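Colleague: Could you take a close look at one part of this model for me? I would love to hear what packs against what there, and how.

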Amino acid sequence: MSEPETKPKPKSGWLNILVDYGPLLVFLGVYKFYQPPETSTFGEIAAVIYGTIAFMIAAVAALVFSKIKFGHVSPMLILSTALIVGFGGLTIWLQDERFIQIKPTAIYLLFGTLLLGGWLRGKALLQVLLEAAFEGVDREGWLKLSRNWGLFFFALAALNEVMRAQLGFEDWLWAKLWVFMPLSFLFTFTQIPMLLRHGLALDDQDEVVKDEPPTA
């Protein structure tokens, strides 16, 4: 009697991280390319607008790429892309860079509210939103992960507002890359021991990092 075929779980690799942070890198590249001398206020606004347009296009392209490559688009990615397009449109329309800076705060607060609201109702929304069930993780593990990420998103929202108030626009942009991204990876790694205690398969440790919620 032949053994039933087991379908290997698809590995997303580091492409998920590229989908998350790629649009931000595009924004940085276009902004730097068009960045004017410090004395040119109008040129600064133009650089922000060009960067914002590229950011919006790259975000939509990342969403389409995710659908083609992985066969699905997570609800979290859809929500974040919608907010990027919405706040990006306000930035272009009103020619005010503050809207693109407020966008991360809105994303963090929205995701934090969704995850903590689900946790309070006994629902592990992170499992549904990520559409990725790490093998063996029990319900309590998913609930704890949703709670922890919810709290972390609120902390990121507060940090973004502090940096937005204290830093210039370009310094804030680089902080997104050199502060928020390392913090997100570090926090993700801190969740692995908890998930292992709740049944995460050893082979899936890398997937926890690759499938982290979008934070860019």
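Modeller: Gladly! Among contacts in the protein chain with a separation of 6 or more, 72% join residues 24 or more positions apart, where contact means heavy atoms within 4.5 Å. A word on the ground rules: this is a predicted model, in which local features need pLDDT of at least 70 and side-chain atom pairs count only at pLDDT 80 or more, while totals for chains, interfaces and linings use all residues. Residues are numbered from 1 along each chain as its sequence is written, and side-chain values use heavy atoms, with hydrogens and water left out.

The chain has 8 helices and 0 strands; helices (H or I, at least four residues) and strands (E, at least two) are DSSP runs, numbered from the N terminus. Of its 216 residues, 47% are buried, a label for relative accessible area under 20%, with exposed meaning over 50% and partly exposed in between (1.4 Å probe, protein chains only).

The part I would pick is helix H4, residues 98-120. Let us start with its partner H3, residues 75-94. The two axes come within 9 Å and cross at roughly 155°; axes are lines fitted to C-alpha atoms, for helices over the stretch in contact, and angles run from 0 to 180 degrees between N-to-C directions. H3 and H4 are therefore roughly antiparallel, the term for angles over 145 degrees, with under 35 counting as roughly parallel, 65 to 115 as roughly perpendicular and the rest as oblique. H3 passes H4 in a right-handed crossing: the near helix is turned clockwise from the far one by less than a right angle, whereas anticlockwise would be left-handed. On the H3 side the meeting residues include Leu79, Leu83, Phe87 and Leu90, and on the H4 side Phe99, Ile107, Leu110 and Phe111 are among them. The contact of H3 with H4 divides into 15 nonpolar, 3 polar and 1 charged residues. Here Ala, Val, Leu, Ile, Met, Phe, Trp, Tyr, Cys and Pro count as nonpolar, Asp, Glu, Lys and Arg as charged, and the others, Gly among them, as polar.

Now to H6, residues 139-166, whose axis lies 8 Å from that of H4 at an angle of about 155°. H4 and H6 are therefore roughly antiparallel too, and their crossing is left-handed. The residues of this contact are 15 nonpolar, 7 polar and 4 charged.

Three residues let us zoom in. Gly112 lies in H4 and is buried, at 0% relative accessibility. Beyond residues up to four places away in sequence, Gly112 touches Gly150, Phe153 and Phe154. The C-alpha atoms of Gly112 and Trp149 are separated by 7.1 Å, though these positions lie 37 residues apart along the chain.

From the other side, Phe154 belongs to H6 and is partly exposed, with a relative accessible area of 32%. Setting aside neighbours within four places in sequence, Phe154 is in contact with Leu109, Gly112, Thr113 and Leu116. The C-alpha atoms of Phe154 and Phe111 sit 8.6 Å from each other, with the two residues 43 apart along the chain.

Finally, Gln101 is another residue of H4, and it is buried at 5% relative accessible area. Leaving out its neighbours within four places in sequence, Gln101 is in contact with Asn160, Arg164, Phe169 and Trp172.
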